[in-house]
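Below is a brief report on the fold, surface and charges of a single chain.

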Amino acid sequence: MSLIEKLTPEQEALILVYREKWRAIALSTERIDREKAAKAVKAAYIAIDFDI
């Protein structure tokens with residue numbers, strides 16, 4: 001398996017887009033959907049075979 005050593009110009013440009021997207025998500029003060037969050041956590045636990 002080889003490692004990526006250099007990004008394409010398109011990939012470099014997308015870094016700014018994704019950085020802003022995730023910054024907005026991280027700083028959001030909107031309420032979360034608790035049911036959706038609980039389902040996501042359960043799915044993650046199942047994916048790593050963690051007994052709840």
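How much area does the chain expose, and what share of it do carbon and sulfur atoms supply? The chain exposes about 5700 Å², with 60% supplied by carbon and sulfur atoms; areas come from the Shrake-Rupley method with a 1.4 Å probe, and for residues only the protein chains shown count as cover.

This is a predicted model, in which local features need pLDDT of at least 70, side-chain atom pairs count only at pLDDT 80 or more, and totals for chains, interfaces and linings use all residues. Residues are numbered from 1 along each chain as its sequence is written, and side-chain values use heavy atoms, without hydrogens and water.

The chain has 2 helices and 0 strands (DSSP runs numbered from the N terminus: helices H or I of at least four residues, strands E of at least two). Its C-alpha trace spans about 40 × 35 × 10 Å along the principal axes. Of the 52 residues, 0% count as buried (under 20% relative accessible area; exposed is over 50%, partly exposed in between; 1.4 Å probe, protein chains only).

Helix H1 covers residues 9–27 and includes Arg 19; Tyr 18 is also placed in helix H1. Both residues have a computed accessibility:

| Residue | Relative accessibility | Class |
|---|---|---|
| Tyr 18 | 45% | partly exposed |
| Arg 19 | 43% | partly exposed |

From Arg 19 to Ile 48 the C-alpha to C-alpha distance is 27 Å, at a sequence separation of 29 residues.
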